[in-house]
Amino acid sequence: MIGRQVALRLLLAFPTLFGVALIVFILLRVVPGDPIAMMAGVTATPEEIERLRGLYGLDRPLLEQFWAYLGQLVQGDFGVSITRRLPVTELIFERLPATIELSLFAMALAVGLGIALAVAATYWRGRAAERMTDGFSAFGLAVPDFLWGLIFILILGVLIPVLPISGRVDPSLSFSSATGLYLIESFFRGQFDVFVSTLSRIVLPALSLALPLAAIIARVLKSSLAEVMQQDYILLARVKGFGRFRIVMRDALRNALVPTVALTAVQFTFLVGGTVLVERIFSFPGLGNMAIEAVVNRDLPLIQGVVITFALIFIALNMLIDLTYGLLNPRLRHG
Amino acid sequence: MNDMLAIEALRITIAGRNVLRDVSLAVPQGHVHGLVGESGAGKTMVARAVLGILPAAARVISGHIAFDGAEITHMSERERRALLGRGIALIPQDPMTALNPAFRIEHQIVDVLRHHFGLGRTAARAQALELMHQVHIRAPERVLRQFPHELSGGMRQRVLIAIAFACRPKLIIADEPSTALDVTVQRQVLRLIKHLQARENTAVLFVTHNLGVVAKICDTMTVLHAGRVVEEGSVEACFERPAHAYTRALMAATPRYDQPAAALAPVPEALSRDLADEATAWDARHGAA
């Protein structure tokens, strides 16, 4: 059953990817700006520019370019970066772990914070604590992630400089990572100086990304919990003699999470999208930061590669979401 | 005889309106007491008052509820939690919604045992299995592993009965436990409750609108109308010589197993009017809060 679901999803991923590739391809050739001219610089002669154009295949008809591009894509080849002159795949794999780590860390923060807020509001229903969490949700939702980033830099990086505000790890520490996931790897290899350094640099960007999502989770989970708390089985739990906290945390939460997971998952894709700006703000060496550089430099192969990579991440995420439903809601398991 | 539940002149209002007007009743140990009335008569309010789960707008104005000789009317949340599930248990009305859809049956029986007796996982599991046998569930091992949505209504009600009897409480509140089931299952469930109650010598407050059910399993009964007790006594006495016209009217409105074809008569309008007037008069005497 689950196998069939996965297979179907994978099959559907192909047209989606084709669409993404097509849109990126067209968009990048419609917007103004000549990548070759930028690359060659102001001193280049027209002959040199023509030669480079030929080298990258940019002098051929559009359809032919697209066809060649698709052929490469199918083989997992994103071409060569115009500015960095390295294979795009290599560049992406170098940066991808940083973005994955940041996104997952932010997601964990958002989920933890969101659940804690919703549970607190439900537990202290009708009291000041509930109004406080409502206020926080409204605020967290109203301020976008990049603005949170700027606020954190200003307050915790400049006014009260307690946390570093750029990079991924202290440059004076030597750490060669096999996986690119610094946080996890340094922890398991016992290099705690690296771990702490990485942690202190990931907290602020992750928190910036997490706060709006935490607010959304808190809000939806709270209303979902309120509904669940009205159910007969919660009444029975009370009559069994369970305390209110236990009822909220164990008897109600799991039921209330089902609708929240759907929303969280969708919002997570927005969070991943948000990494582009937040990474830029914190000079965090991830995929998003590279994407902005690529756009500034009109590095077509790199932009295409990054966008396709993001598309792949989104598709994989959505697949994961659907599979989680079954785990949380036993009624869907035997569909 | 030792009264497990004694309610004395209980008066409850919701948003200032009287819903229970000095209700008194007693359930001795080992007895099944029927609490009968139409919907809105206040039966469920009595049950909820005993369990301490009244709606937020409800106020206990006066009166007492005693469980096993001890006053529980205004007990603290903490004390009540120690009592609920262990001393007093509930068999809820609707088996389709009373089990938590996210947890396996085993979890829902075991949790109350572990909570009140601090049993280990294995001991609690063995107990749960034993309880499943007692409520006559076939293939109990399999059922324990199942989720509520995989069971029929009758099976779920058996599970709920097992949960209610799990900690061997002294008093069980049965809130229309058979109303949501079809007739054949209804009879099995009633027989099961009666059987377990007799074996454990449990006192049961049996809330129902169905006099036929009362005749089958109750020893004593109270008839409520508009939050007032209009009739009380042993089931035989009430059925043979109903003192109040309303009890007679209810009987005429109840289908009988032995005379399924007999015509049913609704409660006469004049009687309803009289009863409503009496309730208004009561409110006038006691101040309509």
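Partly exposed here means a relative accessible area between the buried limit, under 20%, and the exposed limit, over 50%. That middle band is where A:Arg280 falls, at 37% relative accessibility. Everything shown below comes from a predicted model.

**Figure 1. A:Arg280 and its surroundings in helix H11 of chain A.**
Helix H11 covers residues 244–281 of chain A, and A:Arg280 is part of it. With 37% relative accessibility, A:Arg280 counts as partly exposed because that value lies between the 20% and 50% cut-offs. Setting aside neighbours within four places in sequence, its contacts are A:Thr275, A:Asn289, A:Ile292 and A:Glu293. A useful pair to pick out is A:Arg280 and A:Met290: 10 residues separate them along the chain, and their C-alpha atoms sit 8.6 Å apart.

**Figure 2. Chain A as a whole, an all-helix layout.**
Stepping back for a moment, chain A has 13 helices and 0 strands, so its pattern along the sequence reads α-α-α-α-α-α-α-α-α-α-α-α-α. The C-alpha trace spans about 85 × 55 × 40 Å along its principal axes. Chain A holds 335 residues, and 47% of them count as buried. Among contacts with a separation of 6 or more, 72% join residues 24 or more positions apart. The accessible surface adds up to about 17000 Å², with 69% of it belonging to carbon and sulfur atoms. As for charge, there are 27 positive and 23 negative side chains in chain A, and the centres of the two sets are 14 Å apart.

**Figure 3. A:Asp145, buried in helix H7 of chain A.**
Helix H7 runs over residues 145–159, and A:Asp145 belongs to it. Is this acidic side chain's residue buried or exposed? A:Asp145 is buried, because its relative accessible area of 17% falls under the 20% cut-off. Not counting residues up to four places away in sequence, A:Asp145 touches A:Ser208, A:Leu209, A:Pro212, A:Gly274 and A:Val278. For a sense of distance, look across to A:Gln75: it is 70 residues away from A:Asp145 along the chain, with 36 Å between the two C-alpha atoms.

**Figure 4. A:Leu207 in helix H9 of chain A.**
A:Leu207 sits in helix H9, residues 192–228. Its relative accessible area is 23%, so A:Leu207 is partly exposed. Beyond residues up to four places away in sequence, A:Leu207 touches A:Leu109 and A:Phe152. A:Phe152 is 55 residues from A:Leu207 in sequence, yet the C-alpha to C-alpha distance is 9.0 Å.

**Figure 5. Two residues with a positive phi, A:Arg85 and B:Asp22.**
Most residues other than glycine have a negative phi, which is the reason to give these two a panel of their own. A:Arg85 is not a glycine, but its phi is about 55°. It lies in the loop between helix H4 (62–74) and helix H5 (88–123) of chain A. A:Arg85 is exposed, because its relative accessible area of 53% is over the 50% cut-off. In chain B, B:Asp22 also has a positive phi, near 50°. B:Asp22 is found in strand E2, residues 17–28 of chain B. At 30% relative accessibility, B:Asp22 counts as partly exposed.

**Figure 6. Helix H10 of chain B and what covers it.**
Helix H10 takes in residues 245–252 of chain B, and its buried residues are B:Tyr246, B:Thr247, B:Ala249, B:Leu250 and B:Met251. Which elements cover them? The cover includes three strands of chain B, E3 (32–36), E9 (220–225) and E10 (228–234), along with helices H8 (211–217), H9 (235–240) and H11 (269–286). On confidence, chain B has a mean pLDDT of 90, and 96% of its residues reach 70 or more.

**Figure 7. Where chain A meets chain B.**
Chain A brings 19 residues to the contact and chain B brings 30. About 2200 Å² is buried between the two chains, and carbon and sulfur atoms give 60% of that area. On the chain A side, A:Leu236, A:Val239 and A:Lys240 lose the most area to chain B, together 28% of what that side buries. The scores for the model are ipTM 0.89 and pTM 0.83.

How values were computed. Residues are numbered from 1 along each chain as its sequence is written. Chains are lettered from A and ligands numbered from 1 in the order in which they are written. This is a predicted model: local features need pLDDT of at least 70, side-chain atom pairs count only at pLDDT 80 or more; totals for chains, interfaces and linings use all residues. Side-chain values use heavy atoms; hydrogens and water are left out. Helices (H or I, at least four residues) and strands (E, at least two) are DSSP runs, numbered from the N terminus. Buried means under 20% relative accessible area, exposed over 50%, partly exposed in between (1.4 Å probe, protein chains only). Contact means heavy atoms within 4.5 Å. Accessible areas come from the Shrake-Rupley method with a 1.4 Å probe; for residues, only the protein chains shown count as cover. Lys and Arg count as positive and Asp and Glu as negative; His and the chain ends are not counted. The place of a charge is taken as NZ of Lys, CZ of Arg, CG of Asp or CD of Glu. pLDDT is the predictor's confidence in each residue, from 0 to 100. Buried area is the accessible area (1.4 Å probe) that two parts lose on being put together, summed over both.
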